[in-house]
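Trainee: I'm new to this structure and would like a close look at one part of it. Could you pick a turn, start there, and walk me outward through whatever it connects to?

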Amino acid sequence: MVKVPQVPVSELRISYDLGVLHQEMMAADPIEQFGHWFEHARDSPILEPNAMVVSTVGLDQEGNARPGSRTVLLKDFSDSGFSFYTNLGSVKSSDLVTNPNVTLLFPWYELHRQVIISGSAQLVPRAMVEEYFHSRPRQSQLGAWSSEQSAVLESRQALDSSFAQYEQRFADLELIPVPDFWGGWQVLPHRIEFWQGRESRLHDRLVYVLQEDASWNIERLSP
């Protein structure tokens, strides 16, 4: 029998009253605006402000569309896009090869804010992948070699054993080579929404939409 919580889930609610969002407050460029909000999030109590939910759509064994979401860490953002790194054999990478359309969600709950970025993904150039890989802690580099991401594991011991084998294999190398199966994805946005929670659930939603001339149009959406 399922244990019923003392406070019903339907009664869990807070009042959103930490800010407002007016169009005149926004930068003309959404990347610049994201930078302002990211700095605020970075200086706040948020544990990992660069954590984002990456949502993709792949195909199941019957060929039907299958959505998937997972949390990854943003590693760079600029006019060139929003970048993250991963195993290229993972489910999300396989999804992006089949369908490059992707959504990134930054859920900054503590600030009553979220940012939703919709765009298309392309592989990060190999030179940038190698530069980032070698900036990572050595243990993380070994972890990349040790894990066949998304594959079924016989046991935790099998994973630990794989790590130990690669630790021994590269023990005498100062520079661990980058696995061929490891790389990065860069999301080129065409729509970026900034959401600010407001009282009475009348939230502020301002969205930047990319135009054919590469300019951005700002629209306010109903909550």
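Mentor: Start at the hairpin of β8 and β9, where five residues sit between the strands and Ala214 takes a positive phi near 75°. Keep in mind that this is a predicted model. The two strands run antiparallel, and five bridges join β8 to β9. If you want a place to put your finger, take Val207, which stands opposite Glu219 in β9.

Now look to the other neighbour of β8. Six bridges join β7 to β8, and these strands are antiparallel too. One pairing to find is Phe194, whose bridge partner in β8 is Leu206. Phe194 also has an aromatic partner: with Tyr208 it forms an edge-to-face pair, 5.6 Å centre to centre with 70° between the planes. Since Phe194 lies in β7 and Tyr208 in β8, the pair ties together parts that are 14 residues apart in sequence. Buried or exposed, these two rings? Both Phe194 and Tyr208 are buried.

Phe194 is a handy doorway to the inside. The largest nonpolar core has 31 residues, and Phe194 is among those with the most contacts inside it, along with Phe34, Leu104, Phe106, Trp108 and Val115. The elements that give two or more residues to this core include β7, β8 and β9, so you've already met three of them, and α1 (30–42), β5 (101–108) and β6 (113–123) are on the list as well. The most generous giver is α1, with five residues. As a general point, nonpolar side chains in soluble globular proteins tend to be buried together.

Trp108 deserves a stop of its own. Setting aside neighbours within four places in sequence, Trp108 is in contact with Phe34, Trp37, Phe38, Ala41, Ile46, Pro49, Arg113, Gln114 and Val115. Trp108 also belongs to one aromatic cluster with Phe34, Phe38, Phe77, Phe82 and Phe106. Two of the contacts of Trp108, Trp37 and Arg113, have an arrangement of their own: Arg113 lies over the face of Trp37, at 4.0 Å from the ring centre.

Back to β7, and this time look across to β4. Six bridges join β4 to β7, which run antiparallel. Here Tyr85 stands opposite Gly184 in β7. β4 itself is mostly covered, with seven of its seven residues buried. β4 also pairs with β3 (residues 76–78): three bridges join them, again antiparallel. A hairpin joins β3 to β4 through two residues, and Ser78 stands opposite Gly81 in β4.

Stay with Tyr85 for a moment. A search of the whole structure finds 20 aromatic pairs. In one of them, the rings of Tyr85 and Tyr132 have their centres 4.3 Å apart and their planes at 20°, so this pair is stacked. Tyr85 is in strand β4 and Tyr132 in helix α3 (residues 126–133), so the pair ties together parts that are 47 residues apart in sequence. Both Tyr85 and Tyr132 are buried.

Tyr85 turns up in a core too, along with Phe133, Phe170 and Val178: the second, separate core of 13 residues includes these four.

From α3 you can hop to helix α4 (residues 138–146), where Gln141, Leu142, Ala144, Trp145 and Ser146 are buried. The buried residues of α4 pack against α3, α5 (156–169) and β7, which brings you back to the strand we keep crossing. At Trp145 there's a charge to spot: the charged end of Arg169 sits over the ring, 5.2 Å from its centre.

Two last stops. Ser90 is found in the loop between β4 and α2 (91–98). How does a serine in that loop fare for cover? Ser90 has a relative accessible area of 1%, so it counts as buried. A polar atom of the Ser90 side chain lies 2.8 Å from the backbone oxygen of Asn87. Ser90 also touches Gln149 and Ser150, not counting residues up to four places away in sequence.

The other stop is Leu123, in strand β6. Not counting residues up to four places away in sequence, Leu123 touches Leu88, Gly184 and Trp185. Gly184 is the residue that stands across from Tyr85. Leu123 and Val187 are 64 residues apart in sequence, yet 8.8 Å apart in space, C-alpha to C-alpha.

Notes: Residues numbered from 1 in each chain as written. Predicted model: local features only at pLDDT ≥ 70, side-chain atom pairs only at ≥ 80, totals over all residues. Heavy atoms only, no water. Core = buried A, V, L, I, M, F, W, Y, C linked by side-chain atoms within 4.5 Å. Buried < 20%, exposed > 50% of the residue type's maximum accessible area, 1.4 Å probe, protein only. Helix = DSSP H or I, 4+ residues; strand = E, 2+ residues; numbered from the N terminus. Contact = heavy atoms within 4.5 Å. Polar contact = N/O pair within 3.5 Å; in protein donor to acceptor, adjacent residues only side chain to side chain. Pairing = 2+ DSSP bridges. Phe/Tyr/Trp six-rings, centres within 6.5 Å; stacked < 30°, edge-to-face > 60°. Lys NZ or Arg CZ within 6 Å of the ring centre and 35° of its normal.
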